[in-house]
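Colleague: Hey, I'm new to this one. Can you put it up and walk me through it?

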Amino acid sequence: MTPTSSGPKNQQERAKPAVHPAPKLLSVKNLIRREKDVLDMLGRDKLVEMFHRMMLIRAFEQRCEQAYQQRKIGGFLHLYIGQEAVAVGMLAAVREDDYVSTSYRDHGIALAMGIPPEPLMAELFGKSTGISRGKGGSMHFYSKEKNLLGGHGIVGGQIPVGTGAAFTARYQETDRVSMVFFGEGAMQQGVFHESANIAALWQLPCIYVVENNQYAMGTSFERTSAVSDLTLRAQGYNMGGYPVDGMNLLECFHVMHDVVEERRKHPGPALIEAKTYRYRGHSISDPANYRVKEEVEGYQKVDPIEQVRRLLAELKWLSEDDSKDLEKQARKEAVDAMQYAEESPDPDLSERDLHVYAD
Amino acid sequence: MGTQTIFFREALNQAMVEEMERDPAVFLMGEEVGQYNGAYKVSLNMLDRFGPRRVVDTPISENGFTGIAIGAAMTGLRPIVEFMSFNFALVAFDQIVSNAAKTLYMSGGQFPIPMVLRGPGGPAAQVAAQHSNVVDSLFAYFPGLKVVSPSTAYDAKGLLKSAIRDNNPVVFIENEMLYGLKEELPEEEYTVPIGEAEVKVQGSDVTVIAYSRMAHMIQGALEEFAKENISVELVDPRTIRPLDVDTIAASVAKTHRVVILEEGHRFCGVGAQIADDIYSRCFDDLDAPIVRVTHTDNPLPYAKNIEAASLPSPAQVIQAAKQVLYRL
Amino acid sequence: MAMLLSMPSLSPTMETGVITTWRKSVGDHIDVGEVLAEIETDKAVMDYEMADEGFIRAFLVEPGQEVPVGTPIAILSETADEDISETEQQAKSQAPAAAPQPKAQDQPPAAGNGSGQPPAAPAAPQQPAPAPAQPPATPPQQAQQAAAPPQAQQAPAPSAAPAPAAPGDGRVRISPFARKLAEQQGLNWQSLQGSGPGGRIVARDIEGAIAGGAPPAQAPAPQAQPASGAAPQAPAPARAAQPPSGPLPPFEDLPLSMMRKVIARTMTQSKQTVPHFQTSRKVRVEAFLELREQLKAQFPDVRISINDMLIKACAVALRKHPVINSQFLDDRIRRFNTVDVAVAVNTDDGLITPVVRNVEQKGFAQIATEVRALAEKARERKLTPEEYQGGTFTISNMGMFGVTEFNAIINPPQAAILAVAGVMREPVVQGDDIVPGQTMMITLSSDHRVIDGVAAAEFLATLSSIIETPLAMLM
């Protein structure tokens, strides 16, 4: 059968794919206009703070790995190492009263939202001082105060929930937005398509961020998605699709910033595809045999933290030494969090029967 | 103290309307609830009254819109999700179980999910296997959910209001075959508490436990029981979970004989749970083992005669009553 | 000419028979008077002697197969090889149905569960024997199978499809509520017949038993009876006494209390089903009374009665004669390892027998305390079932009323009861002299199914020697 006019080739032409920026290594020499604007917008202090936060996430995740190996953390553990720019860059661009929902890979997101590491580590240790009182664990961080709507175990389960928060924003006529983070594997779940369709139909202020770390569990992206450009999916649902280099902190920030500002004025959904790389396996129990060593080493050059460190040095906003100090500080915070978790008590057994039903 | 004689479906409509007037956070979403005025006309005129912001027509995306409702419930709203029938709620089973039932617990008490999931459930007339599921025990299984199934218009209205006001996810299973029943209801506002059974008919020979359409069926068959000289005490649980074992136990203490009737299947059906509760509580009050009358063990067929042969009938309940009375 | 030989009726009560051994083989010639087979009947194994002669051409039943009287069991022909096909046909058409009904009823089996009949057992001796051996032409009747010795059958007729047939394990089944009712009313339900499936005793059986002792055949409500409508084959106790004919003298009717009904039922059943016999002995009680005086002096605060001491004496004697401390169960005799003595106590309402358990381990004082407490509770109608149920032996003491001698009715399922009369001051022989002495008549009523005459006598001898030489209790 000859391809019809709705065959793949013609479809791609008609859908006008977004232009993907070529990944680069951040340097004052290669900043584009927008990135320079961002630097002006943020200023040194804010950028250093973001840098620090990225390192906190990195240190925190490394400590988790260690704690897991010491059997202090049990169950499932999904680490965010390598994806720090996405969480920190994008969440710096939104307000505290905006809604956030994500998958089980939620440590980085929670820290980027400004939730302190202590209750998070305590949650991982299953203690009563944990952010979910020890009853959720690694995959189920929730914060009413910061509007973190979980931490979801079922792939894609958070997508309609986050969309529902956008519904509330629309219903209550606020200018809040809802960010829904998920991996590219979740995009193959039916519920993504249901939610995206409804979000576009009802013009809900929902920002879908697909963190494309190239692998869905152990299966590489090319083997699970019929299209390699995920922003095409946005076209399919009549919403804007925005590709982002997920290793570039500045780009993560400015794309989210621009998308959100627009959506606050004119509610409607958007899809941001952030191409990142996950250094570790899918989860702690995944030895990541499916990757090649060279592949991993190549991407470590584009480590988002290293990029920002170099940029800060180039800008003379933070010397190498101060950088190292900041890193030490971040590492200490992570260790302190572990200490806190160690010293916290186990939940009282009465917690077992608590919060099954609301009063 | 006025009364009104209305249809069962109107009673549901009134409950939703009253609650939506009372609380601006309450809204209705589902397929055909707005412009179409409801697949079964339960939401008649609600779009006109409340507008499209609060009466929301959805695409056919049960998993999606149920999850959206959950997200809305987590962020300050009180959604009523209508399933055109509960068969389709199974598409949303993941969101209902993973999120609606468990979020309060997993978040350490931070996020209650005040929502109602309602619609007709159970067999209708020759709608065949995929449209005839009785899903009550599936949902009652998970702690965190409440499950309600009224048999009269009075109960339906009162319980739906309570469900909407409840801060938990309430699975509210109606029955299409009851929507057209007329009943006299009070004009003034009232609620019926969740978790309370009711003795619908007082009797002395045997306790028949039935809910939803089955309770209605027994109410209509009392004469046949009388002809057989069987004095039936009909206990309608009204709420499946949490189950009011106290009322049931009091009846068993009185009659010493129990027949449990349900439209669903036998294995792991709601009746199995009720029987377990009775055996645990009322062992010394029983003069005979409990007899259950249920849907037979096959998917419901289309053909009228075998459909009828698959479902409970008053004659079967009478036989069961005789069995526990040792009159067979 | 060929003929059918049928299972003969070898005793007036024989219903079915089993060929245990064929004494001849197929093809053999047999003479008149020769034994064809050994047949087990309800009473014994007997020889079946031929009334005809001829050649044995076929055996129609297997050894070990139980068939009703009148069932064809063999074919005999005049000559060794003539055609017997017609006779074979005839035999087939008269072959028995499946094994005969274990306990036939009058109603059709389809009548659903449990409108069970009480066992014919107690009445068996009273019922007319079924018709003796049928002529071969008649299909075997589903006549009632006569029980061999009268047996207290636990389960009535097997019920139809819904309920399993009465399992023959001897367990009495009762619904929880019926049990509660029975205990509330002080009813001994162990010997009731249940109308539920598998012989389960259900509430209406208890209600019926309380209401008048008649085994309930149907539910009390006045609705359509199940197909049977059969009158229960109730033994005599069910039948109300006929009012006397002719003009009555003035009278007053008193309603029966619960306890009275129970006593009436239990005692009647006991007398009807248990073969009682009595053995008496007059014992010298001087030493016994002297011992009591000594104990009174030494322990002035402890009140012990003669009866308390007798309870202990009985326990000691029972340990030496365990056959008395037993019970007859259909197929075995249960011998108890402890002595639980039931003590007859009179209350306003009637007689009740609270039980002192493990008497063999208790001393006088403890026995006395317990008996006093139980008697008081009994008079206040506050005894719990655990306190009046069970018991392996009963003592009934009417001494305080001046009774010189009496015999008591056994409390089923116990095997014996001791009747203790009053202490009498009378002349006794001592050596060659007649002197005043103190005697007491004790009479043991025994269940002859368990206890034979000699056993009763020996027990009494031991008991007497204990009473007359109380220190023997220490042995």
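Modeller: Sure. One term before we start: two strands pair if DSSP finds at least two bridges between them. Also, keep in mind that this is a predicted model.

Colleague: Okay, so how many bridges join β1(C) to β8(C), and do they run parallel or antiparallel?

Modeller: There are 5 bridges between β1 (residues 2-6) and β8 (residues 72-77) of chain C, and the two strands run antiparallel. To pick out one partnership, L4(C) is bridged to I75(C) in β8(C).

Colleague: And is β1(C) enclosed or open?

Modeller: Largely enclosed by the rest of the structure, because 4 of its 5 residues are buried.

Colleague: Switching to chain A. How many helices and strands does chain A have?

Modeller: Chain A has 12 helices and 8 strands. Of its 359 residues, 53% are buried. If you take the contacts in chain A between residues at least 6 apart in sequence, 75% of them join residues at least 24 apart.

Colleague: How many residues of chain A are in contact with chain B?

Modeller: 35 residues of chain A, and they meet 36 residues of chain B. On the chain A side, β2 (148-152), α6 (158-171) and α7 (190-202) each supply at least two residues. The largest share is from α6(A), with 9 residues.

Colleague: What classes of residue are on that side of chain A?

Modeller: It has 16 nonpolar, 14 polar and 5 charged residues.

Colleague: Back to α6(A). How do α6(A) and α3(B) cross?

Modeller: Helix α3 of chain B covers residues 62-74, and its axis comes within 6 Å of the axis of α6(A), crossing at roughly 55 degrees. That angle is neither under 35 nor in the 65 to 115 range, so the two helices are oblique to each other. The crossing of α6(A) and α3(B) is right-handed.

Colleague: Which residues meet there?

Modeller: From α6(A) they include P160(A), V161(A), G162(A) and F167(A), and from α3(B) they include G67(B), I68(B), G71(B) and M74(B). By class, this helix-to-helix contact has 9 nonpolar and 8 polar residues, with no charged ones.

Colleague: Last topic, chain B. Which residues of α9(B) are buried?

Modeller: Helix α9 of chain B is residues 212-220, and its buried residues are S212(B), R213(B), M214(B), A215(B), H216(B) and I218(B).

Colleague: What covers them?

Modeller: The cover includes strands β7 (170-174), β9 (198-201), β10 (206-209), β11 (232-236) and β13 (258-265), plus helix α14 (314-324), from chain B.

Terms used
Residues are numbered from 1 along each chain as its sequence is written. Chains are lettered from A and ligands numbered from 1 in the order in which they are written. This is a predicted model: local features need pLDDT of at least 70, side-chain atom pairs count only at pLDDT 80 or more; totals for chains, interfaces and linings use all residues. A residue is buried if 20 or more other C-beta atoms lie within 10 Å of its own, exposed if 12 or fewer, and partly exposed in between; C-beta atoms are placed from the backbone. Two residues are in contact if their C-beta atoms, placed from the backbone, lie within 7 Å. Ala, Val, Leu, Ile, Met, Phe, Trp, Tyr, Cys and Pro count as nonpolar, Asp, Glu, Lys and Arg as charged, and the others, Gly among them, as polar. Axes are lines fitted to C-alpha atoms, for helices over the stretch in contact, and angles run from 0 to 180 degrees between N-to-C directions. Angles under 35 degrees count as roughly parallel, over 145 as roughly antiparallel, 65 to 115 as roughly perpendicular and the rest as oblique. A crossing is left-handed if the near helix is turned anticlockwise from the far one by less than a right angle, and right-handed if clockwise.
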